[in-house]
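Me: Let's go through the ligand sites. I will ask what backs each label.

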Amino acid sequence: MPEAPVFVAENVSKRFGGLIAVDKVSLEAHAGEILGIMGQNGAGKTSLFNTFAGIYVADGGRMTLNDVDVTALPAWRRSIAGIARTFQIPQPIWSLSVCENVQVGLIAHGKSKAESAEIAEETLVGLGLQAKLKSDPGDLTPGQLRLLEFARAASLRPKLLLLDEVFAGLSLPEQQSTADVVRKLRDSGIAIIWIEHNVRLMMELADRIVAMDHGHKIGAGTPLEVARNPDVIRVYLGRQAADGKKS
Amino acid sequence: MTPASNPFLGTAAIIVVGIVCLLAPSLNLTTIDFLIGFAVYAALAVSWNWVCGLGGLINMAHIAFYAIGAYSCAIAVAKLGLHPIVGIVAGVVITASLAGIVSYLSFRLQVSELYFALLTLMLADGIGALSRGFENEYSLGGVYLPFVNDPLRFAFLDKVYYYYALIALVIALLLLQHWVTRSKWGLLIAAAKDSERAASSLGVPVVRILTSVAVASAIPPAIVGSIFALSSLYVTADNVFLFELLLATVIATVIGGLGTLWGPFLGALAITLIHELIRSGVGVTDVVGLTDMVYGAILVCIVVLFPGGLIGAFRFVRDLFSPKPRNAVLDEKHSDA
Ligand SMILES: Nc1ncnc2c1ncn2[C@@H]1O[C@H](COP(=O)(O)OP(=O)(O)O)[C@@H](O)[C@H]1O
Ligand SMILES: [Mg+2]
């Protein structure tokens, strides 16, 4: 990648009391690239996103977006600066319709109500939610709620897009159409960091991968490099061995 | 969400109801004190609904804001010889600043909802205690305004003009709410109230938005308090720091329908009527507190019968008579797709 990275995290840490959820993690995200993050449950992936997005205040380290330090900015300012994220556990605004859920972010980013409605509709139709525009989020399936999460973040055309397990619970056709949209977003020049449990999907979609375990970054590189990384293999084989014992 | 009715229909409804209210005194169906009482409840409930129903902040200092408005207007007129508008503006500035500071600090300190309620209740109590102290010290028995007819200084011998002012205020508040909730601000406020996390991740400045709602909600009670001072000509801690008024505001908003446009208005009408009916039924010699008991029992019945507030019952009746089912428009769209 010859270009300067869009987003740089240097030694970012997040603690919860005695638990170090994120331990001095450094990474770079480039425009037009999908950076995958893999790791077991509890590895600290979501905490890393919450720290990047400003939901958590970092206990150490520094984050820059296009060379501007965003470490001290609150969440809403980071969003305006160009960091969009999805929540692993969807957090729709229950009192608003599906379309309005997408409109909120666009309005906060300076669009008029009419413009926001147009873009929101377009985004949702692109994800196959055309029949649900006026529905309450409560009428959506868990998979559709994830798509709504994704639509809210993607519609903002951010510089950096943080996707936290957006494919979980999607049907195969939904996975296909969402993957298409993710690729399109990448090709439009957005830097994407993507947390995913499905290793096969990750190997297929990610340009580079960072592997995490217990808050640490234990490996990074191309999908092939990471797949051959002995530390990564140990963590994943360890889990398989443990799963084997259970069954 | 409320069904997306035509915005002009909503505006027209507010104006029609406003005209009916303005004509009410000439119908001679009831006393002017009854009408003023209703308009005061309505203005207080509609504006409290902004902070609590739309913003999700249980602000218990609403009546303290009313008292501040009453005091500042009375002091400006009776003690300083100023035009009442100066007192009204001063009251508004004080209550808006107080609301802004308290809500902003509460957000910064991440005070929980219940603590916010407790905090504002204590703030109200503190302001009440302070004014009682001052009153005992400096102006024995409160502040009296001159009983004159001077329309340019908002002094009328006929109380009906104060009723007109209050109803005009209520109509203005309803129109403002109708407009804001349908604008893009409505979406931002709903998002900020519903999910701080989701909203801020989408770029919504949650603290600013909700603080603004709290500030906006603190302005009408100051104006109502000022009008009360001008109409009653007498302001003392005991007639403006009324716990019953806070209770009536909260009850009207909640039984009417929290967060809705017409709920607090209907709730205010309901509790004014209930008060009046009980008073005429029980009479003035109520030694055992029968009034309060009947009042309480009626409120319990309303809460049990209409869990969604009176506005819910109103909508239910409306839908019974409307020929088209509510979801017809949506269904047409679905079959297209
Ligand atoms: N808000 C929180 N408070 C306390 N502990 C937390 C919180 N969020 C996450 N953790 C802990 O931090 C660790 C990392 O969690 P998380 O970031 O959700 O992992 P992942 O997304 O990789 O599954 C876990 O041990 C989890 O229990
Ligand atoms: Mg997670």
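Reply: Go ahead.

Me: What makes the pair of Lys45(A) and ligand 1 a polar contact?

Reply: A backbone N or O atom of Lys45(A) lies 2.8 Å from an oxygen atom of ligand 1. A polar contact is a pair of N or O atoms within 3.5 Å, so the pair qualifies. An oxygen of ligand 1 is also 2.5 Å from a side-chain N or O atom of Ser47(A). The protein buries 62% of the 560 Å² that ligand 1 exposes when taken alone (Shrake-Rupley method, 1.4 Å probe).

The model is predicted: local features need pLDDT of at least 70, side-chain atom pairs 80 or more, while totals for chains, interfaces and linings use all residues. Residues are numbered from 1 along each chain, chains are lettered from A and ligands numbered from 1 as written, and side-chain values use heavy atoms, without hydrogens and water.

Me: Why are Thr46(A) and Gln88(A) called donors of the magnesium ion?

Reply: Thr46(A) OG1 and Gln88(A) OE1 lie 2.0 to 2.1 Å from the magnesium ion, ligand 2. Donors are N, O and S atoms within 2.8 Å of the metal (3.2 Å for Na, K and Ca), so both count. Water is not among the atoms, so sites may look incomplete. The two residues are 42 apart in chain A.

Me: Why is Thr46(A) called partly exposed?

Reply: Its relative accessibility is 24%. Buried means under 20%, exposed over 50%, partly exposed in between (1.4 Å probe, protein chains only). Thr46(A) therefore falls in between. Gln88(A), also at 24%, is partly exposed.

Key: Helices (H or I, at least four residues) and strands (E, at least two) are DSSP runs, numbered from the N terminus. A polar contact is a pair of N or O atoms within 3.5 Å; within protein, one must be able to donate a hydrogen and the other to accept it, and residues adjacent in sequence count only if both atoms are side-chain atoms.
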